[in-house]
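Have the model open in your viewer and turn it as you read. We'll start with some odd spots in the backbone, move on to helix packing, and finish with how far to trust each part.

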Amino acid sequence: MVVAAFLIFVPLIGMITLNLPFGFLKRLAFAYAMTMAACQAALAIFLPLPLWNRVLMPFFGLETLPLTVDRLSIVLLLTVAIVMLAALPVGCFTERNENRKFEFICLTILAATGMNGIAMVHDLFSLYVFTEVCAVSFCVLIALTRDRLGLEGGFKYLVLSAIASVIMLTAIALLLMTSGSTSFATVQAMLIGNSSALPRVAVAAFVVGLCIKGGVVPFHGWLPDAYTAAPAGVSVLMAGIATKATGVYTLIRLFVSVLGRVHQLQGVLLFLGAITIVLGAMAAFGQRDFKRMLAYSSISQMGYIVLSLGAGSALGIAGAVFHLFNHAIFKSQLFVNAAAVEEQTGTRNMDVMGGLSARMPVTGATSVVAFLSTAGVPPLAGFWSKLIVIVAVWGSGNRVYAVVALLASLLTCAYFLSMQRRVFFGPLAEQFKNVREVRLPFLVPEIVLSLITIGVGVFFPRVLNSFILPIQSILG
Amino acid sequence: MVINLVLLGVLLITALRAVMKRDIVKSAIALALTSIILSALMFRLGSPLAAVFELSVCGGLITVIFMCAISLTKPQVSRQEDEEVNTHSRHFGVLMVLLIAAAGVLLMVGIPAGTVLPQAAADADARSVLWNERQLDLLGQTLVIFAGFFGILVLFKEGVPRVEKNGAARMRDDLSGELEPDDTVTGEEVHSEPSAGCSKVKAEKVCE
């Protein structure tokens, strides 16, 4: 049995089972989802690559499914698992209604299955189908609480996601017309040396669709509303993995498997990446709502990944993948902290907060770790990934863009310092005198995510050898 | 070719009508018409199997389900609301012209001269392609159906109370995150993002 196919079937069967009309099953949902995510994380870390694709024994014909796992996929599978492990306790703890908790868990499992599929397919149309699974799941998740803002955020996400899907589907249809099949290998073979207009239009359209899904400026309109309006656990999930799996990861996969590393789109990606970084950072400055500020920060960081991809070198792609992983970790961390603050204080307005670190020490400390990592302060993980990104961009000859990326780190540091000062440091605001630290379901994800950030940063040489250099090797 | 273009134009009209009509029944009928014209196009483009599916499922089955749901729930749309559509008609016309112009541009720019487009495969191949080569997509489709099922459960189930968090109930409705709607900063237009416009609860009363 191809181990990879398990990552799609086990969640699917589990979800069908959980929805059978037996009362006790609903209580098992949380444990099931957490176990599934933990197993996925363990497999991604410990299972050696050849075993992923081996056919152990025939299993109802499932071994013929065209799913393969390479080093790039393992990064996404690990990221999905870690973010799920963080989002599930937060979401279940903040949601009081039992039915809605169950729906949250089922939709999260579905979204994770979709993202696992995106990681493992090698066919453009299958990629599209699994992207749709994620899109529908996330749209419903954003609107989970059915309040006005949630519905609006979900609707915006739905409309823009649908537009992106249509553009992607048109591109896939054009590529199918010109190459006869939608598999990565066939399309890649067709594109080599092909200079006619139709495939180029198709590829450009596909990239536009992916940029909309990834929240790259100027297609980021849906992102702040969707992240802010979503309930706590869903925000963690979305910020951690949604725009990455469906947007930038697919973009990386496109460059690695279909287009080849160096391509005419390089210049466009560099430009889009740079304006995303700068505009996201500048927009984050003016925000009073904690989650909205984090949403713009996410947009900005997504720009680093796109910029690194635009560098065109193997180091650039390795940097993009590494920053994708790091961003998932520290952004999920920040959203868990925001959820913790909102849960205990009842507000997201940073102007009325102050001195919360005195009453919520763990949340405050982990928030410091996360924002230092985002700003790229050594020896945290974010420093290394940003360093690789900037070195890759500089090395490819685009000095101006590298300087822009470097200076934007200052902007990042500035708005995060402002956030930290307003929320956690300074004198304790009167109305929050009796606020207490959040309970375990928040504390455990906070601490674990911080430890990962610190660990990946401090043990970077190990990460470099086992993580980054192998990614470079798959690019040849 | 000309017939295809005419069919596309009519498709555009019916699709826009389906979206812009306030009366659900008229909207559903327009959707059915859209499906019928789409299946006619598919026949002309050489995919009879896809056309038959489109006609029977989208043009037939889904319309029947819509009509059942409408007749069971009997949503009331006043005459006045339906007349409001007429004020939107000019947007409708402009939108159509824009879409046709965009399509025209794409047609002229898109396919270079001398491109040989592969023909659609014969019917027998379509069935074997679906079941033998594209099993993964069928699996993905199953997942989408599940997601849709949960979507309906989440969004439309009756009797589920709106979310109330202890003491933090109003936070979810207020983008600016103020503690109380009648707090010290009333009278001040609080916007985190100017472009979010009339979506805020406070401004709602002004805008609607």
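Arg146(A) sits in the loop between α6 and α7 (148-179) of chain A. Helices here are DSSP runs of H or I with at least four residues, strands are runs of E with at least two, and both are numbered from the N terminus. Arg146(A) is not a glycine, yet it has a positive phi of about 60°.

Before going further, a word on what you're looking at. This is a predicted model, in which local features need a pLDDT of at least 70 and side-chain atom pairs count only at pLDDT 80 or more, while totals for chains, interfaces and linings use all residues. Residues are numbered from 1 along each chain as its sequence is written, and chains are lettered from A and ligands numbered from 1 in the order in which they are written.

Two other loops of chain A hold cis peptide bonds. One runs from Val217(A) to Pro218(A), with omega near 5°; Pro218(A) belongs to the loop between α9 (197-214) and α10 (222-229) of chain A. The other joins Pro378(A) to Pro379(A), with omega near -5°, and Pro379(A) is in the loop between α16 (361-375) and α17 of chain A.

Follow that loop into α17 of chain A (residues 381-395), and you can look at how it packs on helix α14 (residues 314-345) of chain A: the angle is about 155° and the axes are 8 Å apart. (Axes are lines fitted to C-alpha atoms, for helices over the stretch in contact, and angles run from 0 to 180 degrees between N-to-C directions.) So α14(A) is roughly antiparallel to α17(A); that label goes to angles over 145 degrees, while those under 35 count as roughly parallel, 65 to 115 as roughly perpendicular and the rest as oblique. The residues that make the contact include Phe322(A) and Phe330(A) from α14(A), and Ile388(A) and Val389(A) from α17(A). Residues are in contact here if their C-beta atoms, placed from the backbone, lie within 7 Å. By type, the contact has 11 nonpolar residues, seven polar and no charged. Ala, Val, Leu, Ile, Met, Phe, Trp, Tyr, Cys and Pro count as nonpolar, Asp, Glu, Lys and Arg as charged, and the others, Gly among them, as polar.

α17(A) also packs against helix α18 (residues 399-423) of chain A, at about 160° and with the axes 7 Å apart. That makes this pair roughly antiparallel too. Among the contact residues are Lys386(A), Val389(A) and Trp394(A) of α17(A), and Arg399(A), Tyr401(A) and Leu406(A) of α18(A). This contact has eight nonpolar residues, one polar and two charged.

What kinds of residues make up the contact of α4(A) with α19(A)? Helix α4 (residues 71-94) and helix α19 (residues 440-458) of chain A pack at about 160°, with axes 8 Å apart, and are therefore roughly antiparallel. Ala86(A), Pro89(A), Val90(A) and Phe93(A) of α4(A) meet Pro441(A), Phe442(A), Val444(A), Pro445(A) and Leu449(A) of α19(A). That gives nine nonpolar residues, no polar and no charged.

Now for confidence. The model scores ipTM 0.86 and pTM 0.85. Chain A has a mean pLDDT (the predictor's confidence in each residue, from 0 to 100) of 87, and 96% of its residues reach 70 or more. Among its elements, helix α6 (residues 124-142) has the highest mean, 93, and helix α20 (residues 460-474) the lowest, 74.

Chain B averages 70, with 58% of the residues scoring at least 70. Its helix α2 (residues 24-44) has the highest mean of the chain's elements, 92, and helix α7 (residues 201-207) the lowest, 38. Over residues 164-208 of chain B the pLDDT is below 50, and this stretch has 54 contacts in the model beyond near neighbours in sequence. Where pLDDT is low, the predicted coordinates should not be read in detail.

Notes: Two residues are in contact if their C-beta atoms, placed from the backbone, lie within 7 Å.
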